[in-house]
Amino acid sequence: MQDQLFHILMVSADYSILNRNRISGTSLEKVMAIDLETLVDRYNGFLTGERIIAISVSMGHPDIETRVMVAEEDSKSEEDRIIREFDSMLEERDPDVLIGYNHTGYDLPLLQLKMRNRPYSQQFWNLKYYLGTAYTMDMMYVIAHDLHTSGENSRIRKLRDAVNHEKYEKLPLMRAKDLVVNPNMNVGEAIKNLWLNDRKNFEAYCQGDTHDILRIFYSIFG
């Protein structure tokens, strides 16, 4: 159904021109790529209040700067700390465009869920402001459309498949998704294991997601 709806969108409008018009006049330095890493093993599926353990943010052109905010332990206080750091970074960097990979379906709704459960006096005001004013572009759909214009079908791919696609093979991508490929664990378990036992590679994994999404954004719109 998701792919059918996306195909209808592409038939009814030129998706690329639509997005170009929306970001026209925006400096590439004002585009921010974001990604969350979460613990899902204690919860009943996605968007049920799962713990955020890392937030990765990439900005900058032509050189990309990435900052990864990592929780030191599985606790609400550590989750609050990294969200607060992200909240301060939004004010500092003042993005015009927020991009991610399925961030409209997961990352941003989860942040909004976290904020709904906080008292008014403890809200993350910069986060609320930029979620309401910045243009949000989900690269999951943009990449599907970009590959479709190259003659492929319009199916939506996992990010690991997207960054390894031959169309983007010459881009200087980190391609860090293989860091959580473990034959004895599912992806959620592998992410948790990396966070607990190999912080260096965990941060590289987080960095890879936002860095690569921003590079592909530049290749399409830069």
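Modeller: A polar contact is a pair of N or O atoms within 3.5 Å, of which one must be able to donate a hydrogen and the other to accept it. The model discussed here is predicted.

Biologist: How do you know that the side chain of Gln 123 makes a polar contact with the backbone oxygen of Pro 119?

Modeller: The side chain of Gln 123 reaches that oxygen at 3.5 Å. The limit is within 3.5 Å, so the pair counts as a polar contact. Gln 123 itself lies in the loop between helix H4 (103–116) and helix H5 (125–133).

Biologist: Why is Gln 123 called buried?

Modeller: Its relative accessibility is 9%, and buried means under 20%; Gln 123 therefore counts as buried. Beyond four places in sequence, Gln 123 touches Met 115, Arg 118 and Lys 128.

Biologist: What makes H4 and H5 oblique to each other?

Modeller: Their axes come within 11 Å and cross at roughly 135°. An angle over 145 degrees would count as roughly antiparallel, and 65 to 115 as roughly perpendicular. The value of roughly 135° falls in neither range, so H4 and H5 are oblique. H4 passes H5 in a left-handed crossing. Leu 108, Leu 111, Gln 112 and Met 115 of H4 meet Leu 127, Lys 128 and Leu 131 of H5. By class, this contact has 5 nonpolar residues, 1 polar and 1 charged.

Biologist: What makes helix H6 (residues 139–148) largely enclosed by the rest of the structure?

Modeller: Of the 10 residues of H6, 8 are buried, so the helix is described as largely enclosed. The buried residues are Met 139, Met 140, Val 142, Ile 143, Ala 144, His 145, Asp 146 and Leu 147.

Biologist: How do you know that Asp 138 caps the N-terminal end of H6?

Modeller: A side-chain oxygen of Asp 138 lies 3.0 Å from the backbone nitrogen of Met 140. With a limit of 3.5 Å for a polar contact, the value of 3.0 Å satisfies the distance condition.

Biologist: Why is H6 called oblique to H9?

Modeller: The axes of H6 and H9 come within 11 Å and cross at roughly 45°. Roughly parallel requires an angle under 35 degrees, and roughly perpendicular one of 65 to 115; roughly 45° meets neither condition, so H6 is oblique to H9. H6 passes H9 in a left-handed crossing. From H6 the contact involves Met 139, Val 142, Ile 143 and Asp 146, and from H9 it involves Ile 213, Ile 216, Phe 217, Ile 220 and Phe 221. The residues of this contact are 8 nonpolar, no polar and 1 charged.

Biologist: What makes helix H8 (residues 187–197) oblique to helix H9 (residues 199–221)?

Modeller: The axes of H8 and H9 come within 6 Å and cross at roughly 130°. Since roughly perpendicular ends at 115 degrees and roughly antiparallel needs over 145, H8 is therefore oblique to H9. Their crossing is left-handed. Ile 191, Leu 194, Trp 195 and Asn 197 of H8 make the contact with Arg 199, Asn 201, Phe 202 and Tyr 205 of H9. These residues divide into 5 nonpolar, 2 polar and 1 charged.

Biologist: Why is Asn 201 called partly exposed?

Modeller: Its relative accessible area is 28%. Partly exposed lies between the 20% limit for buried and the 50% limit for exposed, so Asn 201 is partly exposed. Beyond four places in sequence, Asn 201 is in contact with Leu 179 and Leu 194.

Biologist: How do you know that Glu 79 is buried?

Modeller: The relative accessible area of Glu 79 is 4%; with buried set at under 20%, Glu 79 is therefore buried. Glu 79 is found in helix H3 (residues 76–93). Its side chain makes a polar contact with the side chain of Lys 114 at 2.9 Å.

Biologist: What makes the phi of Asn 102 worth noting?

Modeller: Phi of Asn 102 is near 60°, a positive value in a residue other than glycine. Most residues other than glycine have a negative phi. Asn 102 is found in the loop between strand S4 (97–100) and H4. Arg 175 also has a positive phi, near 50°, and lies in the loop between helix H7 (159–163) and H8.

Biologist: Which peptide bond is cis?

Modeller: The bond joining His 61 and Pro 62 is cis, with omega about 5°. Most peptide bonds are trans. Pro 62 is placed in the loop between strand S2 (51–59) and strand S3 (65–70).

Methods:
Residues numbered from 1 in each chain as written. Predicted model: local features only at pLDDT ≥ 70, side-chain atom pairs only at ≥ 80, totals over all residues. Heavy atoms only, no water. Helix = DSSP H or I, 4+ residues; strand = E, 2+ residues; numbered from the N terminus. Buried < 20%, exposed > 50% of the residue type's maximum accessible area, 1.4 Å probe, protein only. Axes fitted to C-alpha atoms, helices over the stretch in contact; angles between N-to-C directions. Left-handed = near helix turned anticlockwise from the far one by under 90°. Contact = heavy atoms within 4.5 Å. Nonpolar A, V, L, I, M, F, W, Y, C, P; charged D, E, K, R; others polar.
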